Amino acid sequence: EWSVYDHAAKLTSQSGSKITSIVFDRDGSAWFGTKNGVVRFDGLSWKRFGASEGFTNGEILAAVIDCTGNLWFGSSEGLFRFNGAEWTRYDVSADGVRKDKVTALACESDGTLWIGTERGLATFDGTTWKYTASLGEKPNERRVTTLAIGKDGAVWAGTLDGIAVIREGGEAVRRIDKTYLTHDWIMKTLVDSDGVLWVAAGASR
């Protein structure tokens, strides 16, 4: 059956009505990205994380958990990590990403984090930042909206103008456009347990 959590549950009343992302930690708690920070629900109680916790009141645009259990959040104000005890903010302009606004996240099994921004892709292996993958010449080809990692290690980067497929080495080796898709604007990519890629596409902005 369905359960509905509304203003009475303090989810949207505390953090704005728009929920942008959901990720589950290793304890089973749900973390909701919203227009004004992050809210955690442990099954019993709700807790909001914002400026007073050293986080951000900016809009959360992406969330992912890595292989060691760290939670990563991409926001309009940059990239944040929660290790279970404290928040760390990464100044992505200085640390390797060419744009502060982080729009998509994905993590490989070895812990390598892929970061999508409005101007391309970067990776972070825990120590080194690297700008990677020339996704295209047009601005919309570089504006990453969603990321998914295939069973073969390929990274599928959805953009406002199709999909770029990145193979080992960090270069885009193929672009998929409206020749194969109903629309250029890619809203979500997901690889299922069988390795099949699912794509949600919509009308261009």
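Mentor: Quick definition before we dig in: strands are DSSP runs of E, at least two residues long, numbered from the N terminus. Also keep in mind that we're looking at a predicted model.

Trainee: Good. Which strand does Ile-19 lie in?

Mentor: Look at the run covering residues 19-24, because strands are numbered from the N terminus. Ile-19 belongs to that run, which is strand S1.

Trainee: And is Ile-19 buried, partly exposed or exposed?

Mentor: Its relative accessibility is 37%. Buried means under 20% and exposed means over 50%, so at 37% Ile-19 counts as partly exposed.

Trainee: Which residues make the nonpolar surface patch of about 290 Å²?

Mentor: Ile-19 is one of the members. The patch as listed is Ile-19, Ile-22 and Phe-24.

Trainee: Zooming out, how many helices and strands does the protein chain have?

Mentor: The chain has 205 residues, and 44% of them are buried. It exposes about 10,800 Å², with carbon and sulfur atoms supplying 47% of that area. For secondary structure, the count is 3 helices and 18 strands.

Trainee: Let's talk sheets. In the open sheet of 4 strands, which strands stand at the edges?

Mentor: The order is S5-S6-S7-S8, with antiparallel pairing. An edge strand has a single partner, so one side of it is left without a neighbour in the sheet. As for twist, the average is 20° from one strand to the next. The edge strands are S5 (60-65) and S8 (87-90).

Trainee: Over how many bridges do S5 and S6 pair?

Mentor: S6 covers residues 71-75, and the pairing with S5 is antiparallel. Ile-60 has Ser-75 as its bridge partner, while Ile-65 stands opposite Leu-71. The count for the pair is 5 bridges.

Trainee: Which residue in the turn of that hairpin has a positive phi?

Mentor: S5 and S6 form the hairpin, with 5 residues between them. The phi in question is about 95°. The residue is Gly-69.

Trainee: On to charges. How many residues apart are Lys-18 and Glu-59, whose side chains meet in a salt bridge?

Mentor: The N to O distance is 3.3 Å. Lys-18 sits in the loop between helix H1 (11-15) and S1, and Glu-59 in the loop between strand S4 (46-49) and S5. Both ends are partly exposed, Lys-18 at 42% relative accessibility and Glu-59 at 22%. In sequence, the pair is 41 residues apart.

Trainee: Of the 3 salt bridges, what is the N to O distance in the one between Glu-118 and Lys-101?

Mentor: Glu-118 is in the loop between strand S10 (113-117) and strand S11 (120-124), and Lys-101 in the loop between helix H2 (92-95) and strand S9 (102-107). Lys-101 counts as partly exposed, at 30% relative accessibility. A salt bridge needs nitrogen and oxygen within 4 Å, and this pair comes in at 3.6 Å.

Trainee: Then which residues are linked in a network of salt bridges?

Mentor: Arg-143 also forms a salt bridge with Glu-118, the closest N and O atoms being 3.4 Å apart. Arg-143 lies in the loop between helix H3 (139-142) and strand S13 (144-149), so its bridge to Glu-118 ties together parts 25 residues apart in sequence. Arg-143 is partly exposed, with a relative accessible area of 27%. Put the bridges together and the network is Lys-101, Glu-118 and Arg-143.

Methods
Residues are numbered from 1 along each chain as its sequence is written. This is a predicted model: local features need pLDDT of at least 70, side-chain atom pairs count only at pLDDT 80 or more; totals for chains, interfaces and linings use all residues. Side-chain values use heavy atoms; hydrogens and water are left out. Buried means under 20% relative accessible area, exposed over 50%, partly exposed in between (1.4 Å probe, protein chains only). Accessible areas come from the Shrake-Rupley method with a 1.4 Å probe; for residues, only the protein chains shown count as cover. Patches are made of residues with over 30% relative accessible area and no salt bridge: like charges are joined within 9 Å, nonpolar side chains (Val, Leu, Ile, Met, Phe, Trp, Tyr) within 5 Å. Two strands pair if DSSP finds at least two bridges between them. Axes are lines fitted to C-alpha atoms, for helices over the stretch in contact, and angles run from 0 to 180 degrees between N-to-C directions.
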